[in-house]
Amino acid sequence: MRDQYNAIIFDFNGTLFFDSEMHLEAWREFSAKLRGIPFTDEEMREHMFGRTNKDIIWYALGVEPDDELVKTMGDEKESLYRQRCRDMGKKCKLAPYAEKFLDYLKENNIKMNIATMSDKNNVDFYIEHFELKKWFDTDKIVYADGYIKGKPAPDIYQIAASRLNIETNECVVIEDAISGIESARAAGAGKIVAIASMEPVELYENIPAVDMIIKDFSDFEGILSRYPAKV
C-alpha cells in the first residue's frame, strides 16, 4: 500500500463545514411536513447523510418521487437550511483549523477537491460565503447535479479524482458520513480519514476502511506527515 499521495479530496458538509446539526434540524422540520413525524437520529444517520435529496424524499414518502416533486421539495428544504446558515452570522465559518490546513495545501501545491452531495444552490452559497476560490478550482467541485449517484455509490469520488487528472488510489479522502466512507472505499481511495465532527469517535473505530480518525483539522500536520504528498 502506498504511503504518499497526490491529492486530498474533502467531503464538505460535516467535514469542511460543521453544519450537520443545521441539516438535522432542517430535515426534522421538513420530514415532519412530509410524513407527519420527524426523522429519528438513527434514520438521519442511515438515510440522510451523504444521500441525494431524491433518496431522502423517496425514503420519507415511501414511493419514488418524480423530478418535479424532488426539485420543489428539495429547494424548499435547502432554502430553509441556507437561512439557518445566514442566521448564524459570523459563526457560520469553516471547521476549526480548516483554513490553516487549506492554506498549507495551497502553499505546497498539493492538489485538492471537494466531493459533496449538496446541490448547486448550496455549493454556490458556500463558494461565495466561504471564499472557496482562495483554495479550490471551484469548476472542479463535484456536487449533486441530478445525475451523479448519491453516496455510498463510488461515482462522486471517482469523478472528483478524474477532475484532478489522477486516480482515486492516489487520493486521501476526508469524510464524516458512513455512506461517504463507503463511497470512498468503493471508489478505491488510497487512504480514508474520518472526521468525528458530530458522531463519537467510537463510531469509526471498527470501520475497516478508516485509516485515521480526527476531530477537527488542528492536527493537519499529523495528517500530512502520515500521508505526505508524492514528489
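**Exercise 1. Locate where the prediction is least and most confident.**

Solution. In the protein, confidence is lowest in helix α10 (residues 220-226), with a mean of 74, and highest in helix α7 (residues 155-162), at 98. The values are pLDDT, the predictor's confidence in each residue on a scale from 0 to 100, and helices are DSSP runs of H or I with at least four residues, strands being E runs of at least two, both numbered from the N terminus. For the protein, the mean pLDDT is 90, and 96% of the residues reach 70 or more. Since this is a predicted model, local features need pLDDT of at least 70 and side-chain atom pairs count only at pLDDT 80 or more, while totals for chains, interfaces and linings use all residues. Residues are numbered from 1 along each chain as its sequence is written, and side-chain values use heavy atoms, with hydrogens and water left out.

**Exercise 2. Explain why C85 and C92 form no disulfide with each other.**

Solution. Begin with the criterion, by which a disulfide is a pair of cysteine sulfur atoms within 2.5 Å. The closest cysteine sulfur to that of C85 belongs to C92 and lies 4.6 Å away, which is too far for a bond. The structure accordingly holds zero disulfides. Next, consider burial, where buried means under 20% relative accessible area, exposed over 50%, and partly exposed in between (1.4 Å probe, protein chains only). C85 counts as buried because its relative accessibility is 1%, and C92 counts as buried at 5%.

**Exercise 3. Examine the backbone geometry at N109, E131 and P152.**

Solution. Take N109, which has a positive phi of about 55° although it is not a glycine; this residue sits in the loop between α5 (98-107) and β2 (111-114), and it is exposed, with a relative accessible area of 70%. Turn then to E131, which also is not a glycine and has a positive phi of about 55°. E131 belongs to the loop between α6 and α7 and is partly exposed, with a relative accessible area of 47%. Finally, K151 and P152 are joined by a cis peptide bond with omega of about 20°, and P152 lies in the loop between α6 (120-129) and α7.

**Exercise 4. Identify which aromatic residues are linked into a cluster.**

Solution. Rings of Phe, Tyr and Trp (its six-membered ring) pair if their centres lie within 6.5 Å, and planes under 30 degrees apart count as stacked, over 60 as edge-to-face and the rest as tilted. The structure holds twelve aromatic pairs, and ring pairs link F12, F17, F125, Y126 and F130 into a cluster.
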